[in-house]
Amino acid sequence: MNKVDFAIIITAEKCNPNGDALAPNIPRQDINGYGEISDVCLKRKIRDRLFEMGESILVVKNDDVTDDLYSVKDRVRAVKELKALKNDREGYKRLCCETWIDVRAFGQVFPFKDLTGFSSIPVRGPVSLGIATSLKPVDIVTMNFTKSTNLTTDNLSAPEEKDSTTRQVKYIIDRGVYVAYGSISPHLASLTGFTADDAVKMKSAMSRLLENDESSARPSGSMTSTLIWAEHRHGTVASPAKVHRSFGIRSEEQYPYYKIDIKPIEGIDYDIISDF
């Protein structure tokens with residue numbers, strides 16, 4: 001398959017694009033106030049879209065489990081063919097990559113000695129994706145509100161009383177444009193069996209990144225995405241850093257609050273896909 005470099009641009013308004021679980025779900029920021037969406041969050045969305053496309057996924061979120069396999073280890077153990085490959089490191093890696101698209105794309109560590117015969121079997125995937133960072137610092141808005149009913153009446157002397165569970169806090173950003181950069185390595189793809197067809201599926205999943213992703217923190221329409229896909233025609237035409245700089249993404253005051261000004265590199269085909 002050909003070398004690919006890409007960028008995912010996400011615009012977020014009046015929502016929480018990625019809360020920090022260790023900081024009461026406050027939208028993520030770096031030390032300078034720039035907003036962040038973790039690479040783990042982005043890969044989760046990509047996996048969800050691939051799952052919806054009918055692809056076999058190893059790291060399935062609990063809400064999508066239909067086979068009672070609620071852990072990675074359970075899912076690995078359920079593949080009977082893998083049992084015969086215990087103590088065969090390369091064979092184990094090869095079958096795992098053949099079985100699950102997210103393994104042959106993103107890689108995976110299998111730290112299950114009782115299943116594999118090794119303390120750990122790492123798979124290094126060809127699809128790399130970084131943290132999405134906002135083009136400008138983001139403003140976090142704190143909203144305090146009350147509910148019309150208690151969560152429970154167990155500790156109340158009368159059911160009509162109100163306790164602390166009626167008071168809630170919600171954190172959102174006013175507006176932010178986030179950009180994450182990534183690449184697909186042909187060399188690593190050859191090691192995991194990631195194919196050109198897989199790259200097409202990955203492109204489709206990334207271009208539909210926010211489908212079926214709505215929640216109370218991310219209301220429908222509050223986030224949009226754009227994918228810039230740059231495919232090298234032959235070999236590696238330029239370094240990922242050079243290709244990423246050629247995208248020319250800059251902040252704007254008018255919707256969609258950014259502008260793309262591609263400076264084409266000879267030998268690379270560019271494609272831009274937006275969901276708005």
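Count up the salt bridges in this protein chain and you get 22. One of them pairs aspartate 48 with lysine 61, with 3.3 Å between the closest N and O atoms. Keep in mind that you're looking at a predicted model. Let's start with the whole chain, then zoom in on one helix, one aspartate and a few of those charged pairs.

**The whole chain**

- The protein chain has 9 helices and 14 strands.
- Along its principal axes, the C-alpha trace spans about 65 × 50 × 30 Å.
- How many of the 276 residues count as buried? The share is 43%.
- If you take contacts between residues at least 6 apart in sequence, 70% of them join residues at least 24 apart.
- The accessible surface adds up to about 14400 Å², and carbon and sulfur atoms account for 49% of that.

**Helix α8**

- Helix α8 runs over residues 196-207, which makes 12 residues. From first C-alpha to last, α8 reaches 17 Å, close to the expected 16 Å.
- Just at the start of α8, threonine 195 gets involved: one of its side-chain oxygens comes to within 3.3 Å of the backbone nitrogen of aspartate 197.
- Which residues of α8 are buried? They are Asp198, Ala199, Met202, Ala205, Met206 and Ser207.
- The cover over those buried residues comes from several elements, including the strands β1 (4-15), β7 (127-129), β11 (223-232) and β14 (268-274). Helices α1 (39-52) and α5 (101-106) are also among the covering elements.

**Aspartate 269 in strand β14**

- You'll find aspartate 269 in strand β14.
- Is aspartate 269 buried, exposed or partly exposed? Its relative accessibility is 39%, so it counts as partly exposed, since that class lies between under 20% (buried) and over 50% (exposed).
- Setting aside neighbours within four places in sequence, aspartate 269 touches Trp229, Ala230, Glu231 and Arg233.
- With arginine 233, the link is a side-chain to side-chain polar contact at 3.0 Å.
- Alanine 241 is 28 residues away from aspartate 269 along the chain, and their C-alpha atoms are 16 Å apart.

**Salt bridges, pair by pair**

- Back to aspartate 48 and lysine 61, which form a salt bridge at 3.3 Å. Aspartate 48 belongs to helix α1 and lysine 61 to the loop between α1 and α2 (72-77), so this pair ties together parts 13 residues apart in sequence.
- The two partners sit in different burial classes: aspartate 48 has a relative accessible area of 3%, so it is buried, while lysine 61 has 29% and is partly exposed.
- Glutamate 253 and lysine 136 also join their side chains in a salt bridge, at 3.3 Å from N to O. This pair links distant parts of the chain, 117 residues apart: glutamate 253 is in the loop between β12 (249-251) and β13 (258-260), and lysine 136 is in strand β8 (residues 132-137).
- In that pair, glutamate 253 counts as exposed at 52% relative accessibility, whereas lysine 136 counts as partly exposed at 42%.
- Strand β14 and helix α8 meet again here, as the side chains of aspartate 271 and lysine 203 form a salt bridge of 2.8 Å, N to O. Aspartate 271 is in β14 and lysine 203 in α8, so the pair ties together parts 68 residues apart in sequence.
- Aspartate 271 is partly exposed, with a relative accessibility of 30%.
- Finally, there's a network: Arg49, Glu52, Arg208 and Glu211 are joined by salt bridges that share partners.

Definitions and conventions:
Residues numbered from 1 in each chain as written. Predicted model: local features only at pLDDT ≥ 70, side-chain atom pairs only at ≥ 80, totals over all residues. Heavy atoms only, no water. Helix = DSSP H or I, 4+ residues; strand = E, 2+ residues; numbered from the N terminus. Expected span 1.5 Å × (residues − 1). Buried < 20%, exposed > 50% of the residue type's maximum accessible area, 1.4 Å probe, protein only. Contact = heavy atoms within 4.5 Å. Polar contact = N/O pair within 3.5 Å; in protein donor to acceptor, adjacent residues only side chain to side chain. Salt bridge = Lys/Arg side-chain N within 4 Å of Asp/Glu carboxyl O. Areas by Shrake-Rupley, 256 points an atom, 1.4 Å probe, with all protein chains shown as cover.
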